[in-house]
Amino acid sequence: MDTGILRHDWTPAEARALHDLPLTELVFRAQSVHRRFHVANEVQLCTLLSIKTGGCPEDCAYCPQSAHYEAGVDKEPLLELDKVLAAAREAKAAGATRFCMGAAWREARDGESFDRVCDMIRGVSDLGMETCVTLGMLTASQAARLKSAGLVAYNHNLDTSREYYGKIITTRSYDERLETLRHVRQAGITICCGGIIGMGESIDDRCAMLVELANLAVHPESVPINALVTAPGTPLADRPPVEPFEFVRVIATARLLMPASLVRLSAGRTGLSDEAQALCMLAGANSIFFGEKLLTTGNPDCDHDRELLGALGVESLVPSHLRSGDRAA
Ligand code: SAM
Ligand code: DTB
Ligand code: SF4
């Protein structure tokens with residue numbers, strides 16, 4: 001959604017000035033903006049499933065699925081359709097409204113695998129869930145095929161600033177990322193695009209990444225903010241954990257720059273206290289990954305999340321087209 005009052009001309013200095021406000025001022029401003037664009041106390045519950053695990057040719061320094069590192073992740077071929085649909089049914093029964101399927105691919109390739117992913121999208125949509133996939137780089141025609149299968153969202157993260165990118169990934173460029181995002185947008189699929197903090201980047205890098213996202217012609221509808229989940233064997237295995245207040249600042253800045261987007265408190269929740277997560281929600285986070293596993297690493301268990309959301313009085317954010325139980329548009 002772009003209401004015409006959203007800005008697309010943010011400067012890194014403006015983002016930095018917001019980021020560095022006294023914390024209560026920053027959170028107050030972010031929550032004020034949040035309430036102009038969203039229903040307060042509603043959080044989207046998304047469940048992730050790795051549909052193709054490990055053995056990825058890319059060298060992303062954070063990722064346990066890269067074939068360049070020994071992170072102890074077993075390689076698995078593309079899952080069968082029935083397994084994926086069983087997991088989606090389970091996620092729906094647990095309360096998730098969006099089902100996100102991730103493949104450890106550099107790029108999507110046409111053929112039987114791509115056809116199967118399209119079947120997954122159709123099957124999950126038929127269950128009355130929003131669908132999201134992340135398959136690496138896409139051509140324009142592949143994006144159009146995903147749209148025809150009923151895909152609602154495509155996840156493709158910028159991960160960090162343009163300046164820091166080369167320190168994290170050498171096997172693809174920032175511009176290639178942006179090109180896939182253009183294909184997704186042209187196909188009429190919503191964009192889920194964010195990044196990771198805690199990889200050794202500076203505060204300016206974090207702000208530059210948010211500015212990059214906010215200055216896209218249309219803001220990404222979803223902005224996942226991940227804290228690095230350190231994986232043994234990867235080059236970033238020894239990075240210290242992200243300080244909770246740093247997480248809060250990045251979320252609040254994302255909320256201020258992209259008021260209408262869903263900001264997702266993504267990977268890294270297991271390292272945050274309940275109170276820190278509540279503060280992230282006060283700072284404008286209104287989406288989480290819900291389910292015991294992310295792709296290959298852990299996430300808080302569902303019972304604990306239900307207790308937390310209950311204690312906070314948070315309700316599940318159900319997209320309007322799913323409210324009547326209709327098939328995702
Ligand atoms: N291979 C596809 C790609 O890279 O676009 C899709 C899957 S990839 C695992 C999706 C995203 O997960 C990455 O862009 C990154 O932001 C996030 N991610 C991967 N490993 C992570 C980690 N250890 N900690 C936090 N986020 C991570
Ligand atoms: C996103 O921004 N975070 C998710 C999802 N998009 C695909 C992935 C997090 C992965 C964390 C590491 C793992 O479980 O392998
Ligand atoms: Fe491959 Fe995606 Fe992991 Fe990079 S982040 S190594 S592209 S699975």
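**View 1. In this predicted model, W105 uses its backbone to meet ligand 1.** A backbone N or O atom of W105 sits 3.1 Å from a nitrogen atom of ligand 1. A103 also comes in through its backbone, with a polar atom 3.3 Å from a nitrogen atom of the ligand. N157 works through its side chain instead: one of its polar atoms is 2.9 Å from an oxygen atom of ligand 1. On its own, ligand 1 would expose 550 Å², and the protein buries 91% of that.

**View 2. Here is the wider shell around ligand 1.** There are 16 residues around this ligand, and the ones that come nearest are T134, N157, D159, R177 and V229. Sorted by class, the shell holds nine nonpolar, five polar and two charged residues. As for where ligand 1 sits, the space it takes is the largest cavity.

**View 3. Three side chains make polar contacts with oxygen atoms of ligand 2: N226, T296 and T297.** For T296, an N or O atom of the side chain lies 2.6 Å from an oxygen atom of the ligand. For T297, the corresponding distance from a side-chain N or O atom to a ligand oxygen is 2.8 Å. N226 places a polar side-chain atom 2.8 Å from an oxygen atom of ligand 2. Free of the protein, ligand 2 has 400 Å² of accessible area, and 88% of this gets covered.

**View 4. Zooming out a little, this is what surrounds ligand 2.** The contact residues N226, T296 and T297 are joined in the shell by L48, P64, T134, N155, N157, P224, F289, L294 and L295. The class split is six nonpolar and six polar residues, with no charged ones. Ligand 2 sits in the largest cavity. T134 and N157 turn up here, and they are also listed among the nearest residues to ligand 1.

**View 5. Ligand 3 has cysteines in its surroundings.** C56, C60 and C63 are in the shell, along with E58, Y62, S66, A104 and R172. By class, that makes five nonpolar residues, one polar and two charged. The space ligand 3 takes up is the largest cavity, which is also where ligand 1 and ligand 2 are placed.

**View 6. This one shows the largest pocket, with a volume of about 620 Å³.** Its lining is made of 27 residues, and E130, E221, A260, L262 and P319 are the closest to the centre. Overall, the lining counts twelve nonpolar, nine polar and six charged residues.

**View 7. Next comes the second largest pocket, at about 510 Å³.** Of its 23 lining residues, those closest to the centre are T47, L48, L49, A87 and K293. If you're following secondary structure, look for strand β1 (42–52) and helix α3 (81–94), each of which supplies at least two lining residues. The class breakdown is twelve nonpolar, six polar and five charged. L48, one of the residues closest to the centre of this pocket, is also part of the shell around ligand 2.

Conventions. Residues numbered from 1 in each chain as written. Chains lettered and ligands numbered in written order. Predicted model: local features only at pLDDT ≥ 70, side-chain atom pairs only at ≥ 80, totals over all residues. Heavy atoms only, no water. Near = heavy atom within 4 Å. Polar contact = N/O pair within 3.5 Å; in protein donor to acceptor, adjacent residues only side chain to side chain. Areas by Shrake-Rupley, 256 points an atom, 1.4 Å probe, with all protein chains shown as cover. 1 Å grid on protein atoms, 1.4 Å probe; cavity = no way out; pocket = protein on both sides within 12 Å on 5 of 7 lines; lining within 4 Å. Sits in = over half its atoms within 2 Å of the grid points. Nonpolar A, V, L, I, M, F, W, Y, C, P; charged D, E, K, R; others polar. Points joined across faces, edges and corners; volume = space filled by probe spheres on them. Helix = DSSP H or I, 4+ residues; strand = E, 2+ residues; numbered from the N terminus.
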